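Please open the structure in your viewer, with a cartoon representation to begin with and side chains ready to be switched on. The stops below move from the sheet to the core and then to single residues.

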Amino acid sequence: MTESATVPLTVVSSRTEAELLVGLLSSYGLTAVVSTDDADGQNPQFDLQGVRVLVAPSDEAEARRVLADVNNNSNTA
């Protein structure tokens, strides 16, 4: 999936958090990728603007529902 064929879903503070979200979304059958300017993890200090999680446009609505469900469940725990 190329970045031009994606839409931004969320911005998080670390590559690790972004990778966890990609894994979560993948477990629901959704396509997601991490987009960052950290030289493939070699320079995390370059992530001043955060790390983006991108999804296919066709997966955006479902991905937002998944994230909302996760956020709602974590607030009630």
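## The sheet and what surrounds it

Select the strands to begin: the three of them make up an open sheet in which the order is β1-β3-β2 and the pairing is antiparallel. Colour β1 (7-12) and β2 (32-35) apart from the rest, because these two stand at the edges with a single partner strand each, so that one side of each is left without a neighbour in the sheet. Looking across the sheet, you will find a twist that averages 30 degrees from one strand to the next. Keep in mind throughout that this is a predicted model.

Now restrict the view to β1 and β3, the latter covering residues 51-55; the two run antiparallel and are joined by five bridges. Within this pair, select Thr10, which has Val53 of β3 standing opposite.

Return to the whole chain and trace it along the sequence, where the elements follow the pattern β-α-β-β-α, giving two helices and three strands in total. If you colour by burial, 30% of the 77 residues count as buried. A surface drawn over the chain would expose about 4,900 Å², with carbon and sulfur atoms supplying 50% of that area. In a contact map limited to residues at least 6 apart in sequence, 67% of the contacts join residues that are at least 24 apart.

## The nonpolar core

Which residues of the largest nonpolar core touch the most other members? Show side chains for Leu9, Leu25, Ala32, Val53, Val55 and Ala63, which hold that position among the 15 residues of this core. Two or more residues come from each of β1, α1 (15-27), β3 and α2 (60-76), and α1 gives the most, with four residues.

## Two core residues in turn

Centre on Val53 and list its contacts, leaving out residues up to four places away in sequence: Val53 touches Val7, Pro8, Leu9, Thr10, Ala18, Leu21, Val22, Leu25, Ala32 and Val33.

Move next to Ala63, which lies in helix α2. Is Ala63 buried or exposed? Its relative accessibility is 0%, and therefore Ala63 counts as buried. Once neighbours within four places in sequence are set aside, Ala63 is in contact with Leu9, Leu25, Leu30 and Val55. As a last step, draw a distance between the C-alpha atoms of Ala63 and Leu9, which are separated by 7.6 Å although the two residues are 54 residues apart along the chain.

How values were computed
Residues are numbered from 1 along each chain as its sequence is written. This is a predicted model: local features need pLDDT of at least 70, side-chain atom pairs count only at pLDDT 80 or more; totals for chains, interfaces and linings use all residues. Side-chain values use heavy atoms; hydrogens and water are left out. Buried means under 20% relative accessible area, exposed over 50%, partly exposed in between (1.4 Å probe, protein chains only). Contact means heavy atoms within 4.5 Å. Accessible areas come from the Shrake-Rupley method with a 1.4 Å probe; for residues, only the protein chains shown count as cover. Two strands pair if DSSP finds at least two bridges between them. Axes are lines fitted to C-alpha atoms, for helices over the stretch in contact, and angles run from 0 to 180 degrees between N-to-C directions. A nonpolar core is a set of buried Ala, Val, Leu, Ile, Met, Phe, Trp, Tyr and Cys residues joined through side-chain atoms within 4.5 Å.
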